[in-house]
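Thanks for coming, everyone. I'd like to walk you through a new model today, so let me put it up on the screen.

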Amino acid sequence: MEYCDRGDLEQFLERFRDSNTRVPEQKIWRLFLQLATALHHIHKKKIVHADLKPSNILLTSKRDDVKLADFGISDVLSKNYNLIHAQKGSLRYMSPEILGGEGAFNEKTDVWALGCILHEMLTLKPTFHATSEEALVNKIKDGFIPKIVLRDVSPDLTHLYYTCLNRSVEARPTMEEIL
């Protein structure tokens with residue numbers, strides 16, 4: 001097993017929050033593309049991570065290489081999955097179709113979570129926040145996607161953000177299309 005001495009992406013983002021600085025776009029692209037490549041690899045093997053969140057993305061000091069972690073439930077998808085994840089704190093990365101009971105977990109579920117993570121890398125804030133779990137679920141299910149208003153973010157990265165968080169599962173890209 002490889003030692004990931006830079007901690008996880010949540011800790012990485014916290015360091016930027018603490019210093020009140022934004023993550024440079026070049027660093028965001030590097031992290032995002034590594035995540036997309038890793039997800040593309042597992043999706044080709046018909047594996048859905050299903051619990052993608054910053055604390056499950058580990059970093060090494062060797063150029064901040066990304067390692068996906070916590071595949072413990074990726075193959076144990078069940079009807080109780082939403083409840084289990086809400087208790088683990090992953091609710092804010094769950095896709096609207098899952099929260100609304102409109103679909104099964106698939107690769108597009110990971111794409112949605114990746115969009116949420118991209119939002120956090122860009123803004124250092126969660127994509128969705130609310131005062132209760134019920135309000136959070138409703139906000140995600142309603143499909144309201146927070147606007148990114150950052151003047152110095154490239155149009156390509158902004159477009160990628162909105163594409164990953166498309167409310168329509170069919171319109172959401174695959175990892176192959178993202179790459």
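**Getting to know the model**

Okay, confidence comes up straight away: the protein chain has a mean pLDDT of 83, and 84% of its residues reach 70 or more. For anyone new to it, pLDDT is the predictor's confidence in each residue, from 0 to 100. So yes, this is a predicted model, and local features need pLDDT of at least 70, side-chain atom pairs count only at pLDDT 80 or more, while totals for chains, interfaces and linings use all residues. Residues are numbered from 1 along each chain as its sequence is written, and side-chain values use heavy atoms, with hydrogens and water left out.

Now the layout. The protein chain has 8 helices and 2 strands, where helices (H or I, at least four residues) and strands (E, at least two) are DSSP runs, numbered from the N terminus. Reading from the N terminus, you get α-α-β-β-α-α-α-α-α-α. Among these elements, α5 has the highest mean pLDDT, 95, and helix α3, residues 81-88, the lowest, 46. Over residues 75-89 the pLDDT is below 50, though this stretch still has 22 contacts in the model beyond near neighbours in sequence. By contact I mean heavy atoms within 4.5 Å.

What about the inside? Of the 179 residues in the protein chain, 49% are buried, and here's the scale: buried is under 20% relative accessible area, exposed is over 50%, and partly exposed is in between, using a 1.4 Å probe and protein chains only. The largest nonpolar core holds 49 residues, and F32, L118 and M121 touch the most other members. Such a core is a set of buried Ala, Val, Leu, Ile, Met, Phe, Trp, Tyr and Cys residues joined through side-chain atoms within 4.5 Å. Helix α5 supplies the largest share of this core, 9 residues. Take F32: leaving out residues up to four places away in sequence, F32 touches L114, L118, M121, L160, C164 and I178.

Staying with α5, look at K108, which sits in that helix, residues 107-123. Is K108 buried or exposed? K108 counts as buried, because its relative accessibility is 15%. Beyond its neighbours within four places in sequence, K108 contacts V169, E170, R172, P173 and T174. In fact, the K108 side chain reaches the backbone oxygen of R172 at 2.4 Å.

Over in helix α2, residues 25-44, we find Q34. Q34 is also buried, at 18% relative accessibility. Setting aside neighbours within four places, Q34 is in contact with D64, D65 and V66.

Next, the loop between α2 and β1, where we find K46 and A50. K46 isn't a glycine, yet has a positive phi of about 65 degrees. A50 isn't a glycine either, and its phi is positive too, about 70 degrees. K46 is exposed, with a relative accessible area of 70%, whereas A50 is buried at 7%.

Last stop, the rings. There are 3 aromatic pairs in the structure. Rings of Phe, Tyr and Trp (its six-membered ring) pair if their centres lie within 6.5 Å; planes under 30 degrees apart are stacked, over 60 edge-to-face, and the rest tilted. One of the pairs is Y161 with Y162, which is edge-to-face, with 4.8 Å centre to centre and 65 degrees between the planes. Y161 is buried, at 0% relative accessible area, while Y162 is partly exposed, at 28%.

Key. A polar contact is a pair of N or O atoms within 3.5 Å; within protein, one must be able to donate a hydrogen and the other to accept it, and residues adjacent in sequence count only if both atoms are side-chain atoms.
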